[in-house]
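Visitor: I'd like a close look at one part of this protein, the place where its helices meet. Could you walk me through it and through what sits around it?

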Amino acid sequence: MNSRDYEAPEELPEVEKSDVPQVSGGVRAVVSALNELRRRTGVVDGMIELARMNQTDGFDCPGCA
C-alpha cells in the first residue's frame, strides 16, 4: 500500500494528553538504564558495552547517532 491508497478514518479515537516532563534524563534515567543493564547483561558487561557506544571501534546508539 502506498500513501495514495491510504484513506484517513472518519473519526479518530480519543487521545489522552498529558503534560510533557521537563527533564528526560537525570538520576531516574541513570537508575533505569542500570536496572536494564543488570537485568539483561549484568552491570559489568553492560558498562563495558556502554563504553563502546558511539566510538570508532564500537557501535552507534540509534538515539544518539
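Guide: Here is a tour of the helix pair, its nonpolar patch, its salt bridges and the segment that follows. Keep in mind that this is a predicted model, so what I describe is computed from predicted atoms.

Let's start with the overall layout. The secondary structure amounts to two helices and zero strands. Helix H1 covers 27-40 and helix H2 covers 43-52. The protein has 65 residues, and 5% of them count as buried. The exposed area is about 6600 Å², with carbon and sulfur atoms supplying 53% of it.

Now for the meeting place itself. When two helices pack, people describe the pair by the angle between the axes and the distance between them. Here the axes of H1 and H2 come within 7 Å, and they cross at roughly 115°. The crossing of H1 past H2 is right-handed. On the H1 side, the contact is made by Leu-34, Leu-37 and Arg-38. H2 answers with Val-43, Gly-46, Met-47 and Leu-50.

Some of those names come back when you look at the surface. Val-30, Leu-34, Val-43, Met-47 and Leu-50 make a nonpolar surface patch of about 390 Å². So which helix gives the most to the nonpolar patch? That's H2, with three residues. Still, H1 and H2 each supply at least two residues, and the patch draws on both helices. Leu-34, for one, is listed in the helix contact and also in the patch. Val-43, Met-47 and Leu-50 are likewise named in the contact and in the patch. Val-30 is a patch member too, and it lies in helix H1. Its relative accessible area is 48%, so Val-30 counts as partly exposed, given that a residue has to be over 50% to be called exposed.

Next, the charged side chains. How many salt bridges are there? The count comes to three. Glu-36, Arg-39 and Arg-40 are linked in a network of salt bridges, with Glu-36 taking part in both of these pairings. In the pair with Arg-39, the closest N and O atoms are 2.9 Å apart. Glu-36 and Arg-39 both sit in helix H1, three residues apart, about one turn of the helix. In the pair with Arg-40, the N to O distance is 2.8 Å. Arg-40 and Glu-36 are four residues apart in H1, so about one helical turn separates them.

How open are these three to the outside? Glu-36 is partly exposed, at a relative accessible area of 32%. Arg-39 is exposed, at 55%, and Arg-40 is exposed as well, at 62%. Both arginines get that label because their values are over 50%.

H2 has a salt bridge of its own. Arg-52 pairs with Glu-49, and their closest N and O atoms are 2.8 Å apart. Both residues lie in H2, three residues apart, again about one turn of the helix. Arg-52 is partly exposed, with a relative accessible area of 33%, and Glu-49 is partly exposed too, with 34%.

One last stop, just past the helix pair. Asn-54 belongs to the segment after H2. Asn-54 has a positive phi of about 60°, although it is not a glycine. Its relative accessible area is 36%, so Asn-54 is partly exposed.

To pull the picture together: H1 and H2 cross at roughly 115°, and they share a nonpolar patch of residues. Around that, a salt-bridge network links Glu-36, Arg-39 and Arg-40, while Arg-52 and Glu-49 form their bridge in H2.

Technical notes: Residues numbered from 1 in each chain as written. Predicted model: local features only at pLDDT ≥ 70, side-chain atom pairs only at ≥ 80, totals over all residues. Heavy atoms only, no water. Patch = residues over 30% accessible without salt bridge, like charges linked within 9 Å, V, L, I, M, F, W, Y side chains within 5 Å. Areas by Shrake-Rupley, 256 points an atom, 1.4 Å probe, with all protein chains shown as cover. Salt bridge = Lys/Arg side-chain N within 4 Å of Asp/Glu carboxyl O. Buried < 20%, exposed > 50% of the residue type's maximum accessible area, 1.4 Å probe, protein only. Axes fitted to C-alpha atoms, helices over the stretch in contact; angles between N-to-C directions. Left-handed = near helix turned anticlockwise from the far one by under 90°. Contact = heavy atoms within 4.5 Å.
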